[in-house]
Amino acid sequence: MPSDTRQKVLRHIDIVGQLQPALHQPQHAPLPTEIDNAHYRAYMRTSHDVGGEPDVTIQWHEKEEEQWELNTYVTCECLAWRGVWNAEERRRRQNVDLGQTQYLGLPYYGRWLLSAARIMVDKQHITLTELMNKIDEVKKRYE
Amino acid sequence: MADKHKPAPMVDEVSDFEVLEVAVRELAIEKGLFSAEDHRRFAEFAHSIGPLPAARLVAKSWLDPEFKKLALEDGFTASKEVGIDWLNPTGFGTPSDYCDLRVLENTPSVHHVVVCTLCSCYPRPILGHSPEWYRTPNYRRRLVRWPRQVLSEFGLQIPSDVEVRVEDSNQKCRFMVMPMRPEGTEDWSEDQLAEIVTRDCMLGVALPHPDRKADDKRPVHKAANPVHGH
């Protein structure tokens, strides 16, 4: 393996490791008898339901919008306008389905963007191969 | 000084978000899910919205008790008088999934503030795009539990004998605050009044004042490639 590839792989493994949530109970795909209803309820909590969680005092900021963020907002609205998805599907995909690591780890419109890509694949408007090819093609434009 | 301690931007190349955004948009257009013209028109709408219609709704209410009654009882109908049709906010048909606007009246004994704990629901047609801080997990986490502390970080101290009521938005129902008309604005016109009803006043994190025509300055996170025209 070339050393710069090795460096990239190691960096990737390192970042992935750092992004693992810290759990305070052992988890090993337990037997049904090992999960009581209180735990079941806790596991059913969705990661976007943050109201009431403690957090630190912060300085409140305004934010300049990236062009891709505005474009993402508009793309998501156009997909709705033309009937590709409805509000319930959008919310499920942008908030619930991501899991805690991505939900809290990605920028706000980054979540929107992933959900737009996924709805197009899941509803078979595009294939994953088409998406990957398009991503490669777009990347080349910037080289 | 503060800038020195800021981390260097992690993005030093075209970001994967930018690439994915172009890819998704172009594929959607190529597949006919929407047209390039649709995207352009909606972007135009997105640029056109802001807090002015809501400010006008408040100013009108301060001047006209009948309109105020309507605004508090039926925000949907009152919005039409300031040019906002919740069923069709763009004027060319859109996915509006929220058609219930509730206007929350502040009184000498109750102060309202708005949040969306589950996501970031916001009355965009009448108030424009939500500020970044409104979308942060931090604001959503703490406001429902420690509202007075959070408000004080916005520079707003609510006296202990005033009740603070936090309204949690949801997909179908959006909120805006109708602040109390401040002293020193007697004989003002609707235009003059609308000027002091800023976005933050209608979210409940600030109060209108005769000398305050813009929201408090806060630090701004700069964009790497900001929206054209900003």
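Student: How many residues does each chain bring to the contact between chain A and chain B?
Tutor: This is a predicted model, where local features need pLDDT of at least 70, side-chain atom pairs count only at pLDDT 80 or more, and totals for chains, interfaces and linings use all residues. Residues are numbered from 1 along each chain as its sequence is written, with chains lettered from A and ligands numbered from 1 in the order in which they are written. Two residues are in contact if their C-beta atoms, placed from the backbone, lie within 7 Å. The contact takes 51 residues from chain A and 55 residues from chain B.

Student: Which element gives the most to the side of chain B that touches chain A?
Tutor: Helices (H or I, at least four residues) and strands (E, at least two) are DSSP runs, numbered from the N terminus. Among those that each supply at least two residues are α2 (36-48) and β5 (220-221) of chain B. The most, 12 residues, comes from α1(B).

Student: How do the residues of that side of chain B divide by class?
Tutor: Ala, Val, Leu, Ile, Met, Phe, Trp, Tyr, Cys and Pro count as nonpolar, Asp, Glu, Lys and Arg as charged, and the others, Gly among them, as polar. The side of chain B that touches chain A divides into 17 charged, 10 polar and 28 nonpolar.

Student: At what angle do α6(A) and α1(B) cross?
Tutor: Axes are lines fitted to C-alpha atoms, for helices over the stretch in contact, and angles run from 0 to 180 degrees between N-to-C directions. Helix α6 of chain A covers residues 108-122, and helix α1 of chain B covers residues 16-30. Their axes come within 10 Å and cross at roughly 40°.

Student: Which residues of α6(A) make this contact?
Tutor: On α1(B), the partners include F17(B), L20(B) and V24(B). By class, the contact has nine nonpolar, one polar and one charged residues. From α6(A) come G110(A), L113(A), A116(A), A117(A) and M120(A).

Student: Which helix gives the most to the largest nonpolar core?
Tutor: A nonpolar core is a set of buried Ala, Val, Leu, Ile, Met, Phe, Trp, Tyr and Cys residues joined through C-beta atoms within 7 Å. Buried means that 20 or more other C-beta atoms lie within 10 Å of a residue's own, C-beta atoms being placed from the backbone. The largest core has 39 residues, with A54(B) and V58(B) among those with the most contacts inside it. Six residues come from helix α3 (residues 52-63) of chain B.

Student: How many residues does the second, separate core have?
Tutor: This core includes A80(A) from chain A. From chain B, L20(B), A28(B) and L33(B) are included. The second core has 28 residues.

Key
Buried ≥ 20, exposed ≤ 12 C-beta atoms within 10 Å, placed from the backbone.
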